[in-house]
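I opened a fresh page for this one. My plan is to go through the chains, then the places where they meet, then a few single residues.

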Amino acid sequence: MSNQLINLMAALLLLIAFAMLSQRRILRLIYLFAAQGFVLSMNTVIVALATKQPHLYASALITFGLKVIALPWLLHRLIDRLNVRWDVETLINIPTTMLVGILLVILSFNLALPISQLAGTITRGTLGIAMASVLLSLLMMITRRKAVPQVIGFLSLENGLFFAATSATYGMPMVVELGIALDVLVGTFIFGIFFFQIRETFDSLDIHHLEKLKDRG
Amino acid sequence: MSLGFVASQLFQTLLSVFLAPLMLGWVNQCRAWLQNRSGPGLLQPYSVLRKLFLKDAVLAHNASWLFRLTPYVVFGCMVLAVSIVPVLATDLPFSPAADVIALVGLFALARVFMALAAMDVGTAFGSLGARREMLVASLAEPALLMVFFTPALISQSTALTTIVETLAHKQLTLYPSLAFAAAAFVMLLLAENARVPVDNPATHLELTMIHEAMILEYSARHLALMEWAQALKLMTYTAIGIALFVPWGIAEAGYWAGLPLAIVALLAKLLAAGAALAVLEMVSAKMRIFRVPEFLGMAFLFAVLGMLTRILLGSAG
């Protein structure tokens with residue numbers, strides 16, 4: 001039963017990753033990111049229950065606190081401050097992106113197949129999905145032009161890595177996990193500062209302005 | 001074929017046919033509540049149908065036999081479609097005659113007749129609505145087939161009764177691939193039934209309407225049949241959704257004692273589905289017609305993803 005629940009959570013994670021890939025609005029992206037964090041922490045609790053690993057409860061709690069409450073709140077404050085709450089990304093071709101996404105899913109399933117056959121964990125079937133969500137987040141970062149969606153893509157990439165760690169080895173050691181959590185939090189703060197810098201210099205959050213070289217003076 | 005089988009089939013079909021306007025009334029009532037209106041009441045669709053049946057029909061001068069035949073064909077298709085879907089029990093003598101692929105075909109037949117009749121009279125709105133409907137349909141139909149293939153892969157059969165039998169009465173298993181299929185199905189339900197993100201059922205604004213534009217020339221009993229068929233279509237789609245994704249509570253074949261429970265379960269699920277549909281319609285804005293292909297493309301891709309998950313995860317999917 002827990003095996004099925006884990007598979008369902010993995011599928012939900014993949015579904016949310018695809019929803020993020022096709023979402024144009026920044027506000028909805030943040031909601032989706034929070035939902036992804038919630039599914040992730042639920043999955044960790046289920047794995048903890050199934051394998052009786054007490055440290056996974058702590059890791060689920062950290063995930064919940066950080067990815068469902070703290071980071072979405074931070075991002076909310078950020079887009080309010082930057083006044084991009086209703087920003088819409090217009091220049092992405094969603095059907096093509098989704099098609100590429102499906103190819104990535106097939107690729108990662110095939111890549112993960114030999115690895116997961118070697119693994120003995122209860123969650124081995126979900127390794128392919130974890131890999132797929134990492135690749136989908138990367139794809140999202142590539143296709144977006146605005147800065148905030150790119151950062152959300154980066155954070156969801158971290159979600160995918162965390163899920164891969166849980167499904168391959170029942171989670172990382174506590175110290176590593178705490179370190180990563182802190183990194184992500186501090187990273188988001190620094191990204192926030194960067195956003196303001198970018199906007200001050202270019203009057204826009206469009207990353208493509210960064211590609212042009214400018215004379216000093 | 002025993003008498004019990006025939007009784008079961010007749011009862012289920014008649015129940016669906018006469019419950020369909022009530023379902024529509026419930027959705028409208030929920031929408032009204034969400035908009036802070038008091039609403040027309042649950043039985044309003046029945047009154048509308050009665051009023052329309054009592055009136056005299058008016059036909060355009062150049063309306064051909066096709067125009068007059070279409071309401072009966074469309075209504076017949078929808079009754080046939082709803083009698084294939086098991087709503088209360090899985091013993092339907094009719095179901096071996098038509099599987100899910102035939103079901104999609106039935107919807108297509110009704111749609112073709114409707115589009116032809118809309119263009120028959122030759123008004124601008126009719127052909128405009130017909131063309132838009134065909135645009136939506138040509139994208140929704142393959143996606144609907146893909147949605148059906150995922151549960152068909154799980155149960156190794158395309159007959160709806162076998163699918164429901166496998167999903168509801170075998171050992172309880174969660175299929176992650178069905179999550180994708182369900183997401184795609186909800187999107188298709190909205191598109192195919194002319195609900196809000198794709199079409200607005202409450203408007204006659206010429207620039208946006210799709211379904212309403214097609215039946216604009218109909219009156220009296222023809223219009224009544226068309227509207228009833230539309231309500232039946234919504235009912236059929238809801239019943240398919242229930243059968244594929246939340247089939248629990250449905251009675252087993254030949255198990256009559258399970259019927260009261262099945263009726264209660266069905267009513268509860270229909271109430272929940274209607275309320276959910278109203279909420280979905282309230283929180284989404286109608287999209288531009290050129291965004292519809294993107295919306296339906298996503299539904300198609302979700303359905304394909306469901307099938308892929310099923311194939312790649314193997315028995316766990």
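**Entry 1: the end of a helix**

Which residue follows α2(A), and what is the sign of its phi? I looked it up, keeping in mind that this is a predicted model. K52(A) comes after α2(A). The phi of K52(A) is positive, near 55 degrees.

Next I checked the length of the helix itself. Helix α2 of chain A covers residues 26-51, which is 26 residues. At 1.5 Å a residue, α2(A) should span 38 Å. The C-alpha atoms at its ends are 37 Å apart, so the model agrees with the expected span.

I did the same for helix α1 of chain A, residues 2-21. This helix has 20 residues. From first C-alpha to last, α1(A) reaches 29 Å, close to the 28 Å expected. I also asked whether α1(A) is mostly covered or mostly open. It is mostly covered, with 15 of its 20 residues buried.

**Entry 2: chain A as a whole**

I counted elements next. Chain A has seven helices and zero strands. From the N terminus on, the pattern reads α-α-α-α-α-α-α.

How does the radius of gyration of chain A compare with that of a compact globule? For 217 residues, such a globule would have a value near 17 Å. Chain A has 18 Å, which agrees. Along its principal axes, the C-alpha trace of chain A spans about 60 × 35 × 30 Å.

I noted two percentages. Buried residues are 39% of the 217 in chain A. I then took the contacts in chain A between residues at least 6 apart in sequence. Of these, 74% join residues at least 24 apart.

**Entry 3: chain B as a whole**

I repeated the steps for the other chain. Chain B comes to 11 helices and zero strands. Its pattern along the sequence is α-α-α-α-α-α-α-α-α-α-α. The radius of gyration of chain B is 19 Å, and the globule rule gives 20 Å for 317 residues. The two values are close, so chain B is as compact as a globular protein of that length.

The C-alpha atoms of chain B fill a box of roughly 60 × 45 × 40 Å along the principal axes. Of the 317 residues in chain B, 49% are buried. Among its contacts between residues at least 6 apart in sequence, 80% join residues at least 24 apart.

**Entry 4: where the chains touch**

How many residues of each chain are in contact with the other chain? I found 17 residues of chain B against 19 residues of chain A. On the chain B side, α7 (176-192) and α11 (292-313) are the elements that give two or more residues. The largest share, 10 residues, comes from α11(B). By class, this side of chain B has 13 nonpolar, three polar and one charged residues.

**Entry 5: the core**

I turned to the largest nonpolar core, which has 159 residues. Which residues have the most contacts inside it? They are L13(A), A143(B), A184(B), L188(B), A299(B) and A303(B). Helix α9 of chain B, residues 220-245, gives the largest share of this core, 16 residues.

I picked A303(B) for a closer look. Residues up to four places away in sequence were left out. A303(B) then touches A143(B), M146(B), V147(B), F180(B), A181(B) and A184(B).

**Entry 6: single residues in chain B**

Y237(B) sits in helix α9 of chain B. Is Y237(B) buried or exposed? It has 25 other C-beta atoms within 10 Å, and 20 or more make a residue buried, so Y237(B) is buried. Beyond its neighbours within four places in sequence, Y237(B) is in contact with L189(B), E192(B) and N193(B). Y237(B) and N193(B) are 44 residues apart along the chain, yet their C-alpha atoms are separated by 8.4 Å.

A220(B) is also in helix α9 of chain B. Its phi is positive, about 50 degrees, although A220(B) is not a glycine. With 16 other C-beta atoms within 10 Å, A220(B) is partly exposed.

N36(B) lies in the loop between α1 (3-34) and α2 (44-54) of chain B. N36(B) is not a glycine either, and its phi is positive, about 65 degrees. It has 6 C-beta neighbours inside 10 Å, so N36(B) counts as exposed.

Conventions:
Residues numbered from 1 in each chain as written. Chains lettered and ligands numbered in written order. Predicted model: local features only at pLDDT ≥ 70, side-chain atom pairs only at ≥ 80, totals over all residues. Contact = placed C-beta atoms within 7 Å. Helix = DSSP H or I, 4+ residues; strand = E, 2+ residues; numbered from the N terminus. Nonpolar A, V, L, I, M, F, W, Y, C, P; charged D, E, K, R; others polar. Core = buried A, V, L, I, M, F, W, Y, C linked by C-beta atoms within 7 Å. Buried ≥ 20, exposed ≤ 12 C-beta atoms within 10 Å, placed from the backbone. Expected span 1.5 Å × (residues − 1). Rg over C-alpha atoms; globule rule 2.2 N^0.38 Å.
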